[in-house]
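Colleague: I am new to this structure. Please take me through one part of it closely, the largest pocket, and then through what surrounds that part.

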Amino acid sequence: MNQVDLVDFIDWSGVECLNQNSAHSIANALKQGYREDDGLNVESDADEQLLVYIPFLQVVKLHSLAVKGPEEEGPKTVKLYSNREHMGFSNVNDFPPSDTVEFSAENIQAGKPVVLKYVKFQNVRSVTIFIEDNQSGGDVTKVQKIAFFGTTVETTDMKGLKKIEDH
Amino acid sequence: MVLEATMICIDNSEWMRNGDYTPSRFQAQADAVNLICGAKTQSNPENTVGILTMAGKGVRVLTTPTTDLGKLLACMHGTGLEIGGELNIASAIQIAQLALKHRQNKNQRQRIIVFAGSPIKYDKKMLESIGKKLKKSSVSLDIVDFGEEDEGKPEKLEALLTAVNNNDSSHIVHIPPGPNALSDVLISTPVFTGDGEGGSGFVAAGPAAGGDYDFGVDPNIDPELALALRVSMEEERARQEAAAKRAAEEASSQNQGDEQSSKLQDTTMADTTGASAAVATDAAEPMSEVDALLQQAIALSMQTPASDSAVRDTDMSEANNEDQDLAAALQMSMQEGEKDSSGQMDMSEVLEDQAFVSSVLASLPGVDPNDPSVKDLLASLHGKSESSDQKKDEEKAAKDDEK
């Protein structure tokens with residue numbers, strides 16, 4: 001099964017990010033083009049935590065996650081919650097995350113995809129990313145790129161569709 | 001028209017018995033709260049408002065966010081409102097935040113309005129950390145600082161505001177005691193107006209109502225009357241403009257022989273047309289607002305060309321009474337408008353005659369009629385004889401090219 005970059009399946013109208021600095025918004029890390037540019041990041045505002053909610057246009061399976069950030073301000077502990085809507089900082093600790101990823105300074109700089117617990121992400125309508133802290137422990141967390149790889153549950157094989165013949 | 005859920009935190013501590021705001025601090029606060037509830041629910045029918053008390057025996061939520069204005073007003077007048085105890089701002093804000101978190105419509109933005117009438121016993125640090133938590137959860141905060149003038153209170157509240165403020169969505173208002181009612185002062189602040197146009201619309205009951213509207217009628221109270229007044233105003237304005245245009249046309253028919261010079265003037269006027277039209281309209285508007293009925297009567301009674309010029313003269317004399325500068329501008333614009341519209345009138349007929357046009361162009365200093373660009377322009381002009389404005393622009397462009 002080919003893992004595909006799921007950026008095309010993100011429902012942009014529902015994407016939310018709590019505690020982001022309004023000048024450096026989540027689009028900088030998620031959208032195609034913006035996320036490739038290392039100069040454009042999403043930055044945290046009041047403190048170092050970020051809470052990102054990403055709904056998808058259809059049900060997907062998540063295979064891996066790529067996060068890229070600068071060596072010092074890049075994220076360290078990242079918790080993922082699948083199919084939980086409208087979480088806030090107060091209830092992130094109320095239920096266990098579907099998966100937790102700890103990034104080291106090297107792999108956050110490289111931004112290579114990290115494989116997730118595939119079995120936990122078989123039926124994902126939305127994912128919430130809780131960035132708990134950053135590499136240096138400072139007040140501002142910066143993320144240059146967030147990308148999900150996986151497959152869609154219902155896929156249409158275009159080659160399989162036959163043209164309807166006119167009578 | 002922002003979709004918002006608001007929690008209003010009212011101060012019902014002992015300090016609110018004071019009478020430095022009429023009739024008492026508590027009553028003034030209650031009036032202000034009623035006004036806010038009304039404004040919020042009116043600016044967007046899906047807005048919800050909740051109320052909690054900060055002092056008394058403890059922080060108590062009187063109503064969770066609801067759209068029901070009756071319930072909110074009843075709360076403020078209810079028997080459960082005891083005055084006493086001390087303000088507990090920290091837990092009040094946290095409880096308000098919790099109430100907002102459990103709002104039914106998650107698409108609503110979150111806002112807390114705090115009425116701080118008594119001294120604040122918390123220190124700045126604590127308030128700042130509360131502010132930061134609000135900012136993290138994207139809750140906006142409005143603070144009404146009134147009543148007790150405690151040392152350090154304004155600074156503490158300002159510190160809280162800066163901690164919360166994100167893109168100017170949070171505000172603070174300091175209201176010293178005085179003859180003005182608390183609600184009146186609040187109405188003009190961003191606490192009301194920053195939340196959309198709903199605030200000013202609701203102020204029908206307030207004393208400033210008459211001055212705010214064009215016709216002295218609140219559109220919210222009597223929309224049909226306000227609409228009728230507005231429509232009749234537009235009709236009068238249109239009639240005046242038609243009358244002015246007719247006057248210009250009559251005058252232009254006398255200038256038929258002087259087409260060439262009018263063309264030249266038309267070219268130079270092309271640049272100033274926009275300005276003169278603007279000036280004419282601007283000049284017309286203050287006049288019409290002041291003496292609308294009078295001019296309407298004049299326009300109606302005078303339908304002949306001679307009278308039209310009289311109308312213009314009347315216009316100008318009335319303007320003279322008002323403002324010398326305005327009159328001067330009016331005269332200038334009338335003359336320019338005259339020539340301009342005469343040019344407009346002539347162009348459509350005149351341009352039909354190509355031979356004439358070429359001879360005119362030849363006589364003009366900078367234009368060579370044999371120039372291919374001019375010829376192309378003439379051909380296209382004949383093709384499109386709809387709008388004189390278009391022709392004017394093209395002509396102007398040709399002349400500019402030549403220059």
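Modeller: What follows starts at the pocket and works outward through the salt bridges to the cores.

Keep one thing in mind: this is a predicted model.

The largest pocket first. Its volume is about 1,300 Å³. The lining counts 44 residues, and the ones closest to the centre are L18(A), Q110(B), K136(B), S137(B) and S138(B). Both chains take part in this lining. From chain A, β2 (16-18) and β4 each supply at least two residues. From chain B, α3 (89-101), β4 (109-116), α4 (124-136) and β5 (139-145) each do so too. Helix α3(B) gives the most, with four residues. What kind of residues make up the lining? They divide into 13 nonpolar, 22 polar and nine charged.

Now stop at S138(B), one of the residues closest to the pocket centre. S138(B) sits in the loop between α4 and β5 of chain B. Its phi is near 45°, a positive value in a residue other than glycine. That deserves a remark. Most residues other than glycine have a negative phi. S138(B) has a relative accessible area of 42%, so it counts as partly exposed.

Chain B has another residue of this kind. D168(B) has a phi near 65°, again positive in a residue other than glycine. D168(B) lies in the loop between α5 (153-164) and β6 (171-174) of chain B. Its relative accessibility is 60%, and the cut-off for exposed is over 50%, so D168(B) counts as exposed.

Go back to two strands that help line the pocket, β4 and β5 of chain B. A salt bridge joins them. The side chains of D142(B) and R111(B) meet at 2.8 Å, N to O. D142(B) is in strand β5 of chain B and R111(B) in strand β4, so the pair ties together parts that are 31 residues apart in sequence. Are these two partners buried or exposed? D142(B) has 0% relative accessibility, so it counts as buried. R111(B) has 3% and counts as buried as well. The pair also belongs to a network of salt bridges, which links E4(B), K40(B), R111(B) and D142(B).

Over all chains, the structure holds 16 salt bridges. Two in chain A are worth a look. In one, E73(A) bridges to K142(A), with the closest N and O atoms 4.0 Å apart. This pair links distant parts of the chain. E73(A) lies in the loop between β4 and β5 of chain A, while K142(A) lies in strand β9 (residues 142-143), 69 residues apart. E73(A) has 25% relative accessibility and counts as partly exposed. K142(A), with a relative accessible area of 22%, is partly exposed too.

The other joins K117(A) and D99(A), at 3.7 Å, N to O. K117(A) is in the loop between β7 (113-115) and β8 of chain A and D99(A) is in strand β6 (residues 99-102), so the bridge ties together parts that are 18 residues apart in sequence. Here the partners fall in separate classes. K117(A), at 44% relative accessibility, counts as partly exposed. D99(A), at 7%, counts as buried.

Next, the fold of chain A. Chain A has two helices and ten strands. Along the sequence they run β-β-α-β-β-β-β-α-β-β-β-β. Of its 167 residues, 46% count as buried. Take the contacts in chain A between residues at least 6 apart in sequence: 82% of them join residues at least 24 apart.

Strand β4(A) takes us from the pocket lining to the largest nonpolar core. In soluble globular proteins, nonpolar side chains tend to be buried together. This core has 31 residues, and I54(A), F56(A), L62(A) and F148(A) touch the most other members. Five elements of chain A each supply at least two residues: α1 (27-30), β4 (50-68), β5 (75-82), β8 (124-134) and β10 (145-152). Strand β4(A) gives the most, with eight.

Look at L62(A) in detail. Leaving out residues up to four places away in sequence, L62(A) touches L6(A), F56(A), L116(A), Y118(A), F121(A), V124(A), V127(A), F148(A), F149(A) and G150(A). Apart from this core lies another, of 30 residues. Its members include I10(B), L72(B), L81(B) and I113(B).

Conventions:
Residues numbered from 1 in each chain as written. Chains lettered and ligands numbered in written order. Predicted model: local features only at pLDDT ≥ 70, side-chain atom pairs only at ≥ 80, totals over all residues. Heavy atoms only, no water. Core = buried A, V, L, I, M, F, W, Y, C linked by side-chain atoms within 4.5 Å. Buried < 20%, exposed > 50% of the residue type's maximum accessible area, 1.4 Å probe, protein only. Contact = heavy atoms within 4.5 Å. 1 Å grid on protein atoms, 1.4 Å probe; cavity = no way out; pocket = protein on both sides within 12 Å on 5 of 7 lines; lining within 4 Å. Points joined across faces, edges and corners; volume = space filled by probe spheres on them. Nonpolar A, V, L, I, M, F, W, Y, C, P; charged D, E, K, R; others polar.
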